[in-house]
Amino acid sequence: MSSTQTLIEVIKAELKNQGLSYADMARELGLSESSVKRMFAPGGEMPLSRVDDVCRVLDTEFAELARRMAEREPLRMELTLAQEKAVVADAKLLLLAICCLSQWSSEQILATYRVSEAEVTRYLAALDRLGIIELKPLNRYKLRVAKTFRWRPHGPVMQFFRERVMGEFFAGGFDGETELLMLVHGQLGHGMARELVSRLQRVADDFARQHLLDQKLPEGEKKPYTLVMGMRSWVFEAFRHLQRAGLARS
């Protein structure tokens, strides 16, 4: 939906909230009702000068309409390739992006990492420009990505993690009381494979939800965890040469 159409939809919703009709708006604007209907119709146009008049009739500020427009914008499922390149090009920007996706406060970031308050402000502003967050006063922010947001599977950020993080992660023993590493191999029908992927996504959602709930716990009662899940059609590289002809798979 275009910005103009979104603005029109917001204004129409406010008209309804206030119990005003197109005839009421037309009378206040000194226009015919048909002109107002054309202005609010799909594909209609509303010049800025007219927006000011509409705000006067609704007794509201344009800033309030803009805020409601922003709330109607669909949340991002992923970033563009150029946006991911920008994030991964600066280690501190990537760090701040991960912290924001975990909904850390600026105070938590400052207390945990060697970054200055000025750097936090600068990087939060950069994340705002990239569309990951909506920066608010006092370095508060609102996420502009969906709960199901993920980095591009073959994008720069995941490539960074494959090259720089994955080896370190899997080098761990996974032998702590609250740690687990399992490798399960089998053959599944396509329908069940899709169902298992959905279940894994729900586990990831549960993890993210619990992270938010546990933010209220004292620092001494929580520890950082990383959850990695993966499922793909795959045969061990070391076993490929043992497969019979015609059965080799990617």
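Let's start at R67, which sits in helix α5, the stretch covering residues 62–72. Keep in mind that this is a predicted model. R67 is partly exposed, its relative accessible area coming out at 39%; that value lies between the 20% cut-off for buried and the 50% cut-off for exposed. For a sense of distance, take F207, which is 140 residues away from R67 along the chain: the C-alpha atoms of the two are 30 Å apart.

Now go back along the chain to helix α3, residues 33–40, where V36, M39 and F40 are buried. These three span an arc of only 90° around the helix axis, so they end up on the same side of α3. The general background is simple: an α-helix has 3.6 residues a turn, so residues three or four places apart point the same way.

What does α3 pack against? One partner is helix α2, residues 22–29, whose axis comes within 8 Å of the α3 axis, with a crossing angle of roughly 110°. Angles of 65 to 115 degrees count as roughly perpendicular, and therefore α2 and α3 are described that way relative to each other. The crossing of α2 past α3 is right-handed.

Zoom in on the residues that do the touching. From α2 come Y22, A23, M25, A26 and L29, and they meet E33, V36, K37, M39 and F40 of α3. Sorted by class, this contact holds eight nonpolar residues and two charged ones, with no polar residues. V36, M39 and F40 turn up here again: they are buried, and they are among the α3 residues that meet α2.

Note on methods
Residues are numbered from 1 along each chain as its sequence is written. This is a predicted model: local features need pLDDT of at least 70, side-chain atom pairs count only at pLDDT 80 or more; totals for chains, interfaces and linings use all residues. Side-chain values use heavy atoms; hydrogens and water are left out. Helices (H or I, at least four residues) and strands (E, at least two) are DSSP runs, numbered from the N terminus. Buried means under 20% relative accessible area, exposed over 50%, partly exposed in between (1.4 Å probe, protein chains only). The arc is that of the directions from the helix axis to the C-beta atoms. Axes are lines fitted to C-alpha atoms, for helices over the stretch in contact, and angles run from 0 to 180 degrees between N-to-C directions. Angles under 35 degrees count as roughly parallel, over 145 as roughly antiparallel, 65 to 115 as roughly perpendicular and the rest as oblique. A crossing is left-handed if the near helix is turned anticlockwise from the far one by less than a right angle, and right-handed if clockwise. Contact means heavy atoms within 4.5 Å. Ala, Val, Leu, Ile, Met, Phe, Trp, Tyr, Cys and Pro count as nonpolar, Asp, Glu, Lys and Arg as charged, and the others, Gly among them, as polar.
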